[in-house]
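Here are a few exercises to work through with the model open beside you. Try each task before reading its solution.

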Amino acid sequence: MRLVIAQCSVDYAGRLSAHLPLATRLLMIKSDGSVLVHSDGGSYKPLNWMSPPCALAVAEPDDDQTDAGVTEVWTVTHAKTADQLIVSIYEVLHDSAHELGIDPGLIKDGVEAHLQKLLAEHIHLLGDGHTLVRREYMTAIGPVDILARDAAGGSVAVELKRRGDIDGVEQLTRYLELMNRDPHLAPVAGVFAAQIIKPQARMLAEDRGIRCLVLDYDAMRGLDDTQSKLF
C-alpha cells in the first residue's frame, strides 16, 4: 500500500461529476489498484475513490496547470466504465509504501457466524434450485462467506452482514473480481445478504449487478412468533 499526503485537488468524471478543491489530503493506492482520497474527518469513508479494475497513470502538468502550481497529474481510469479520477498534485508532504501481506479477513461476530451457518442450512433462501458448495471459501484476499451453485449450475458468492452497508458491498466486489478470474468458477454472481441493508448499499450493489437478500434471523432459527399474529 502506498500512502501519499499531498496538497491536491480532485475531479471525478464519468457517469457523475464531482470536484474537491485544493486542500491537504491522504491518498491511498492499494495493491488491488484502487485509489482512495481521504480527509482528516468523515470517519472511515473516503471523499472520493476509484474501485478496481482500474489503472493509474502519472503525467506532467500542462502549461496552465504548471502556472497554477500543479507539479504532477494522476489519472485513474476504470477499465470497464472509462470513468476517471483525476488528482492534481500541488505539493507532496509525505510518500511511503508498505507491504501488508495477505489479510486473513474479518472474523465474524457470533450473530454473523450464526447467520452464515443458518443460511448454509437454508440455502433455498437464495432461490429455488440453489445448492451449497461450501462455507468460508478461501480466496487470496480472504474467505467468502458462502459459495453456492444456482439451478443452472452457475457459481454464487454470498457475503453476509448483520447490517449491510457500502463497505460490505465493496468487500464482495473485491471477492467477485478475483473469483471471476478463475475459469473453474466464472462467471460468479454475487449476493449481498444481511438482516438490514442500507439504501445506499442496496443502490451500489444493484448498480454493480449484485443481488440483495434481507434475512429474517428469527425465522431462520425457527423462532417466528405465530401465536401473537391474527393471521
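**Exercise 1. Work out how much of the protein chain is buried, and describe its overall build.**

Of the 231 residues in the protein chain, 38% are buried (under 20% relative accessible area with a 1.4 Å probe, protein chains only; over 50% is exposed, and in between is partly exposed). A word on ground rules: this is a predicted model, where local features need pLDDT of at least 70, side-chain atom pairs need 80 or more, and totals for chains, interfaces and linings use all residues. Numbering starts from 1 along each chain as its sequence is written, and side-chain values use heavy atoms, with hydrogens and water left out.

Next, count the elements: the chain has 5 helices and 12 strands (DSSP runs numbered from the N terminus, H or I of at least four residues for helices, E of at least two for strands). Along the principal axes, the C-alpha atoms fill a box of roughly 75 × 45 × 30 Å.

Then look at contacts (heavy atoms within 4.5 Å). Take those between residues at least 6 apart in sequence: 51% of them join residues at least 24 apart.

**Exercise 2. Decide where to trust the model.**

Start with pLDDT, the predictor's confidence in each residue, from 0 to 100. The chain's mean is 90, and 93% of its residues reach 70 or more. Now check residues 226-231: pLDDT there is below 50, and beyond near neighbours in sequence the stretch has 1 contact in the model.

**Exercise 3. Find two cis peptide bonds and place them.**

As background, most peptide bonds are trans, and most residues other than glycine have a negative phi. One cis bond joins Pro52 and Pro53, with omega about 5 degrees. Pro53 sits in the loop between β4 (48-50) and β5 (54-59). Another cis bond links Ala186 to Pro187, and its omega is about -5 degrees. For Pro187, look in the loop between α3 (166-179) and β11 (188-197).

**Exercise 4. Compare the settings of Ala82 and Glu136, both with positive phi.**

Ala82 has phi near 70 degrees and lies in the loop between β6 (72-78) and β7 (84-97). Its relative accessibility is 53%, so Ala82 counts as exposed.

Glu136 has phi of about 55 degrees, but its place is in strand β8 (residues 131-139). With a relative accessible area of 32%, Glu136 is partly exposed.

**Exercise 5. Check the length of α3, then see what packs over it.**

First, the span: α3 has 14 residues and reaches 20 Å from its first C-alpha to its last, close to the 20 Å expected at 1.5 Å a residue. That expectation is 1.5 Å times one less than the number of residues.

Second, the burial: among the buried residues of α3 are Val169, Leu172, Leu176 and Met179. An α-helix has 3.6 residues a turn, so residues three or four places apart point the same way. The buried list also includes Glu170 and Gln171.

Third, the cover: what lies over these buried residues includes β4, β8, β9 (142-149), β10 (155-164), β11 and α4 (199-207).

**Exercise 6. Trace the neighbours of Gly69.**

Gly69 is in the loop between α1 (63-68) and β6. At 30% relative accessibility, Gly69 counts as partly exposed. Leaving out residues up to four places away in sequence, Gly69 touches Ile89 and Tyr90. Gly69 and Ile89 are 20 residues apart along the chain, and their C-alpha atoms are separated by 8.6 Å.
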